[in-house]
Amino acid sequence: MKLLFVINPVSGDVNKEPFLNNAELLCKKYGIAYHFFKTTGTNDADKLSNLLQDFKPDRVASVGGDGTTLFTAVGLLGTAIPMGIIPLGSANGLAEELFTNTNPDEALKDIIMSNVIGSLDILKVNTKHYAIHLGDVGLNAKIVEAYNNDESRGFTTYAKYFIKEMGHVEVFNVKVAANNTVFEEKGIMLGICNGRKYGTGMPLTSMSNHMDGKFEIVLVKKMDVNTVAKAGLSIFNEDFIDAENMQVISTEKATITFDEKKLLQLDGEIIGEFDTLDVEIIKSAVKLITHNDNSYLS
């Protein structure tokens, strides 16, 4: 076996070296050819593409957080090389949703040993932007922008900006064309969901499945004390999701139009401001190394 590790050294401010030392020992012990590719922020996509051609790995391990997983998955588009996830980022929400072992060393063993390969869908937005997990415009995108500009990380920092943004929530108009119908509505946030939960553990919808060939558009219509309370409780029990305050559309493709440009975030990264979003699902885009305890497979 030839195993390529794609590593983001700075994701989540987590020191990756102890894991990499263990991974190197494991690979040497069992005769696994391996290569460590560490991202630098400069021409990483081109470097990964060249490495895939030169090294020709049988499997790829994404070592980092959700952003590293997305980077690795996009790099594998158009190939049949399966990837697995080593959760070493700040939140690892995507890894959790995909039933990845939370222990990095055990997750590596799953990648090496498992013959269970699933098909992972990827969202494509405006032809050149991608997401595996969740994107949105409105309230949460503004929180993410402030959070990303803060040197601190974690739930406390997120909560600080959540409280701040709650003080001046903006209502906007949105038009969605999907499934041969068009609807217009007002809301404070619009989610684009291939997954169910944010990295904080708060679910936006219980419907989404990374492997079903569809995504969900979730319009949150208002935010009040009752909605905030339900959002907090939904972390512990998804029955508390405030469905009465949401409009959900399940589809394979949609055009979303706003009355003015809105800030978009995808998988925790700020993309920019847009007044139109063309969104589609790339079905079975990437092969995912997983196991039979992954309920999305059923």
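Begin by selecting strand E1, residues 2-7, where five of the six residues are buried, buried meaning under 20% relative accessible area with a 1.4 Å probe and protein chains only, exposed over 50%, and partly exposed in between. Strands (E, at least two residues) and helices (H or I, at least four) are DSSP runs numbered from the N terminus. The model is a predicted one, in which local features need pLDDT of at least 70 and side-chain atom pairs count only at pLDDT 80 or more, whereas totals for chains, interfaces and linings use all residues. Residues are numbered from 1 along each chain as its sequence is written, and side-chain values use heavy atoms, with hydrogens and water left out.

Next, add strand E2, residues 33-38, which runs parallel to E1 and is joined to E1 by six bridges; two strands pair if DSSP finds at least two bridges between them. To see one of these contacts, select Ile7 together with Lys38, its bridge partner in E2. Between the two strands the chain passes through helix H1, residues 17-29, in a β-α-β crossover that is right-handed: with the strands pointing away from the viewer, the path from the first strand over the helix to the second runs clockwise.

Then select strand E3, residues 59-64, which is also parallel to E1 and is joined to E1 by five bridges. Here Leu4 has Val60 of E3 as its bridge partner.

Now move to the loop between strand E8 (172-178) and strand E9 (181-187), where Asn179 is found. Most residues other than glycine have a negative phi, but Asn179 has a positive one, near 55°, and Asn180, in the loop between E8 and E9, has a positive phi of about 65°. Asn179 counts as partly exposed because its relative accessibility is 43%, while Asn180, at 84%, counts as exposed.

Finally, turn to the cavities, of which there are two of 30 Å³ or more. A cavity is a set of points on a 1 Å grid over the protein atoms alone where a 1.4 Å probe fits but cannot get out, and lining residues have an atom within 4 Å of a point. Select Ile85, Thr100, Ile289, Thr290 and His291, which lie nearest the centre of the second largest cavity, among the 13 residues that line this cavity. Its volume is about 120 Å³, a volume being the space filled by probe spheres set on the points. To show where the lining comes from, colour strand E4 (83-87), helix H5 (104-113) and strand E14 (269-290), each of which supplies at least two of its residues.

Note on methods: 1 Å grid on protein atoms, 1.4 Å probe; cavity = no way out; pocket = protein on both sides within 12 Å on 5 of 7 lines; lining within 4 Å.
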